[in-house]
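Please look through the report below, which takes a few side chains and one metal site in turn and explains each term where it is used.

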Amino acid sequence: MNTSILIDKTVEFVKNTLKEAEGGHDWWHIYRVWKLAIHINKVEGANDVVVQLGALLHDIADSKFNNGDETVGPKVAREFLESQLVDLNIINQVIYIIDHISFKGGFSLTNKTSLELKVVQDADRLDAIGAIGIARAFNYGGFKNRVMHDPSVAPALYADKEAYKSNNAPTINHFYEKLLLLKDKMNTTTGKQLAEERHAFMETYLSQFYAEWEGDK
Ligand code: ADP
Ligand code: NI
């Protein structure tokens with residue numbers, strides 16, 4: 001099948017599948033990650049189809065909304081790609097991305113990853129920081145009915161993946177537990193540059209937030 005037809009069909013499939021998704025993880029998250037991945041890949045030159053399909057399908061069934069089951073996403077993606085008669089070699093590379101992209105506390109990352117995964121992972125991480133990242137964090141906190149900030153609850157570094165996933169801390173703590181750590185985890189040159197800018201914006205945001213919290217500004 002012609003690549004652009006395959007991409008169009010994948011876009012349709014993802015839009016339909018994510019219709020009911022929570023705001024921070026909806027089609028528009030996928031859209032931004034997809035655009036960012038294409039942008040980053042202009043410099044990296046990884047396989048274009050794998051990068052685009054990986055970006056489009058990376059959150060197709062988030063384990064957070066499937067009782068923690070991390071096998072649903074790869075299965076749904078594989079079935080879709082097989083239904084489109086995509087080359088098995090391409091399918092396997094896309095599934096590899098879906099299996100390995102998640103932050104989940106930043107645990108168990110190795111250097112032995114594909115360039116395509118590095119590109120899509122940077123794009124996904126960039127969408128968690130900067131102006132959009134701030135909006136997504138508060139949106140997610142609202143979805144979970146968490147407080148925005150509580151000066152008496154210090155940020156924590158979680159011992160493992162489960163502790164990270166099940167914590168119920170104020171949303172501001174998430175900046176220290178994840179968002180501010182991401183700029184040092186970027187894989188690509190373009191990803192690093194964009195992350196620096198988005199990081200600086202979050203620092204500015206946080207100092208304004210604390211000043212307003214205490215009525216100082
Ligand atoms: P990933 O897929 O990289 O593991 P998540 O699915 O955990 O990321 O998060 C999706 C979005 O929700 C991100 O923007 C992330 O920052 C936000 N988010 C996740 N956990 C929290 C939390 N505890 N508080 C606020 N925002 C969160
Ligand atoms: Ni994502």
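## Two aspartates and how the model is read

Are Asp-59 and Asp-124 buried or exposed? Both Asp-59 and Asp-124 are buried, where buried means under 20% relative accessible area, exposed over 50%, and partly exposed in between, with a 1.4 Å probe and protein chains only.

This is a predicted model, in which local features need pLDDT of at least 70 and side-chain atom pairs count only at pLDDT 80 or more, while totals for chains, interfaces and linings use all residues. Residues are numbered from 1 along each chain as its sequence is written, chains are lettered from A and ligands numbered from 1 in the order in which they are written, and side-chain values use heavy atoms, with hydrogens and water left out.

## The nickel site

The nickel ion (ligand 2) has as its protein donors His-29 (NE2), His-58 (NE2), Asp-59 (OD) and Asp-124 (OD), at 2.1 to 2.2 Å; donors are N, O and S atoms within 2.8 Å of the metal (3.2 Å for Na, K and Ca), and since water is not among the atoms, sites may look incomplete. Of these donors, Asp-59 lies in the loop between helix H3 (48-57) and helix H4 (72-83), whereas Asp-124 belongs to helix H6 (residues 115-126), 65 residues apart, so that the pair links distant parts of the chain. Helices here are DSSP runs of H or I with at least four residues, numbered from the N terminus.

The angles among the 4 donor atoms run from 85 to 174°, and the site is classed as irregular. That word covers whatever is neither tetrahedral (four donors, all angles between 85 and 135 degrees) nor square planar or octahedral (four or six donors respectively, with opposite donors over 155 degrees apart and all others between 65 and 115).

## Salt bridges

The whole structure holds 4 salt bridges, each a side-chain nitrogen of Lys or Arg within 4 Å of a carboxyl oxygen of Asp or Glu. One of them joins Asp-127 to Arg-32 at 2.7 Å, N to O, and another joins Arg-136 to Asp-127 at 3.6 Å, with Arg-32, Asp-127 and Arg-136 linked in a network. Asp-127 is buried, with a relative accessible area of 1%, whereas Arg-32 is partly exposed, at 21%.

A further salt bridge, between Glu-79 and Lys-75, has an N to O distance of 3.4 Å, and both residues lie in helix H4, 4 residues apart, about one turn of the helix.

Technical notes. Helices (H or I, at least four residues) and strands (E, at least two) are DSSP runs, numbered from the N terminus.
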